[in-house]
Amino acid sequence: MSTKKLPPSTANRPKQVLPILAVLYVVVMFLQSQIDPRVRELRQGEQQIGQASGSLNGEFLLLPLLGFREAAAGLLWVRCDEFFHSGDYDAILPLVRLITWLDPHADNVYITGAWHLSYNFTDSNERSDRRYIIPSQELLKEGVRNNPRIPDINFEMGWQNYDKIKDYVAAQEAFTNAINTPPWKGSDDYPYGAPLKTLHILAHTFAKQGRIPDALEEWQKALTRSTEQLNRDPKSFTFKSLHDTEINNTRMLMQRFHDRYTDHDHDKAVNPTTYPNVIAPPGGVGAPRPWDVSLRVKMEGTRPKVFKVAGNMNIADGARVDIRITDWDYDDKEAARKVKVSNEVLEKFKVDEDQTILMDTVSVRKNKFEKEVDMSKDPRMYSFSADTYKATFTFNIRTTSPHIQDRHGYSGEGLTDTKERILLDRRPEKMGTKLIEGQDGEGPVWDGKTVPWKQYGQPVRLVRVTYKLNRKQMLGQQSISDKDIIPNDAP
């Protein structure tokens, strides 16, 4: 049998192919290095689905494996809705986490999940479990990172800070970010990045901080925008209603400014005197001065983990005293930092079950208030495992009703108390526009018309009573007295 001899060009072909194979090998190695982390992420997610699926049907596990991640997320969201209606709130959290992993662009899941964390976990008296606030905020921040062109998540973050947390600086930042969302032509709000309502709530947020020029500026921006919309669609009931609201709120804002801080253009039903209302003497007789609210609080333990809170406050009906009982060393910022560094908390929305934090309010009626604070029925929320506790009772003018602010101002310029109970929040981010001379604040007084106005120097006056208590007192094994009241610390 003869052997066929190949031509030299064919015999040398493997040598020519080797450099090409080497280049392809390098390319494959590079691509594999990019693929491997994604594969690990996919497998980790598949394991999470398996662990969290419980009684879920097989399609929830099969669809992600076949590449239908969004379809699986949609089915899981339907299952979440079933849990919502049945009140099985604990079952929702792992599913929210899985859905946002499967479909990071499901903005409604971020929004609804954050709302669920902040509002749906409550104790037997319908008080929110404040430990879930920080995971809720972190979920919204993740949603913003994954959906930078959707303003709704920033709006939800702003509303949560405005309504639930009462952090108006954080609310302002979130609403501003929503407004600055780049517009896109598929949006109902084009050529704007966010709905008109966002400008409205931002104006209210500035007013809550005592930044009246900024609030006025936002109402003017909203008026300009609604006017443009009305010119395009003059028959729109929605645009006309919004436009009328903006006109009314602008007028009301300026009327309140005059009643509270000036000696002219008063609404006689609100301020019949010739003085700014924040320093008007009672009945218009005597020297101008702030009003002494004389907050007095008495806290006593009636049985283990149950407290009676009572007191007096020289203020109009409708004022509310905020109650806050926490571990002595509890700090919101430190708690937020722990969430950021703990993957377990971020992945499973776990909270520190050894941590105790309660927030509540009590209303003032005929200069008195009284309430029972029962923390005995919810050991998962109130473990009382620390050695020392802080109980604070605070009147914050910026979270109160407008008719109370009519007398005492946006920043409490028109109220006073004994020195040890007045607490000035001088943090730069909490300062407001100076609206009247002589009642704290730095820089010039706003002239009532210049917008924008960039000089802020009016700290909010808080009135606060602080108790330092030990574990025996919380468990009813030792009495609570005025001797446990300590000087207020910095806000």
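**Briefing: an exposed arginine, a covered helix, aromatic pairs and nonpolar cores**

Not counting residues up to four places away in sequence, R380 touches D90, R131 and E353. The model is predicted, and the points below take up the surroundings of R380, then helix α8, the aromatic rings and the nonpolar cores.

**R380 and its surroundings**

- R380 is found in the loop that runs between β6 (368-374) and β7 (388-396).
- With a relative accessible area of 56%, R380 lies over the 50% cut-off, and therefore R380 counts as exposed.
- R380 and D129 are 251 residues apart in sequence, yet their C-alpha atoms are 9.9 Å apart in space.

**Helix α8**

- Helix α8 covers residues 151-165, and its 15 residues should span 21 Å at 1.5 Å a residue, which agrees with the 20 Å between its end C-alpha atoms.
- Eleven of the 15 residues of α8 are buried, so that the helix is mostly covered.
- The buried residues of α8 include the nonpolar I153, F155 and M157, but also N154, E156, Q160, N161 and K164.
- These buried residues pack against four other helices, namely α6 (107-119), α7 (133-146), α9 and α10 (196-208).
- Just after α8 comes K166, which takes a positive phi of about 65 degrees.

**Aromatic pairs and clusters**

- A search of the whole structure finds nine aromatic pairs, one of which is the tilted pair of F155 and F175, with 5.4 Å centre to centre and 55 degrees between the planes.
- Because F155 lies in α8 and F175 in helix α9 (residues 168-179), this pair ties together parts that are 20 residues apart in sequence.
- Both partners are buried, F155 with a relative accessible area of 17% and F175 with a relative accessible area of 0%.
- Y162 and Y168 form a further aromatic pair, here edge-to-face, with 5.5 Å centre to centre and 70 degrees between the planes, and both of these tyrosines are buried.
- Elsewhere, F257, Y261, Y410 and W446 form one aromatic cluster.

**Lysines over the ring of W328**

- K390 lies over the face of W328, at 4.8 Å from the ring centre.
- K468 also lies over the face of W328, and its distance from the ring centre is likewise given as 4.8 Å.

**Nonpolar cores**

- In soluble globular proteins, nonpolar side chains tend to be buried together.
- The largest nonpolar core has 38 residues, of which M299, M313, I325, F369, F393, F395 and Y467 touch the most other members.
- The elements that give two or more residues to this core are strands, namely β2 (296-303), β3 (306-312), β4 (320-327), β5 (357-363), β6, β7 and β12 (460-470).
- The largest share of this core, six residues, comes from β12.
- Leaving aside neighbours within four places in sequence, I325 is in contact with M299, F307, T356, I357, L358, V373, M375, K390, A391 and M474.
- K390 thus appears twice in this briefing, since K390 is among the contacts of I325 and also lies over the face of W328.
- Apart from the largest core lies another core, of 29 residues, among them A73, L76, F84 and L95.

Methods:
Residues numbered from 1 in each chain as written. Predicted model: local features only at pLDDT ≥ 70, side-chain atom pairs only at ≥ 80, totals over all residues. Heavy atoms only, no water. Phe/Tyr/Trp six-rings, centres within 6.5 Å; stacked < 30°, edge-to-face > 60°. Buried < 20%, exposed > 50% of the residue type's maximum accessible area, 1.4 Å probe, protein only. Lys NZ or Arg CZ within 6 Å of the ring centre and 35° of its normal. Contact = heavy atoms within 4.5 Å. Expected span 1.5 Å × (residues − 1). Core = buried A, V, L, I, M, F, W, Y, C linked by side-chain atoms within 4.5 Å.
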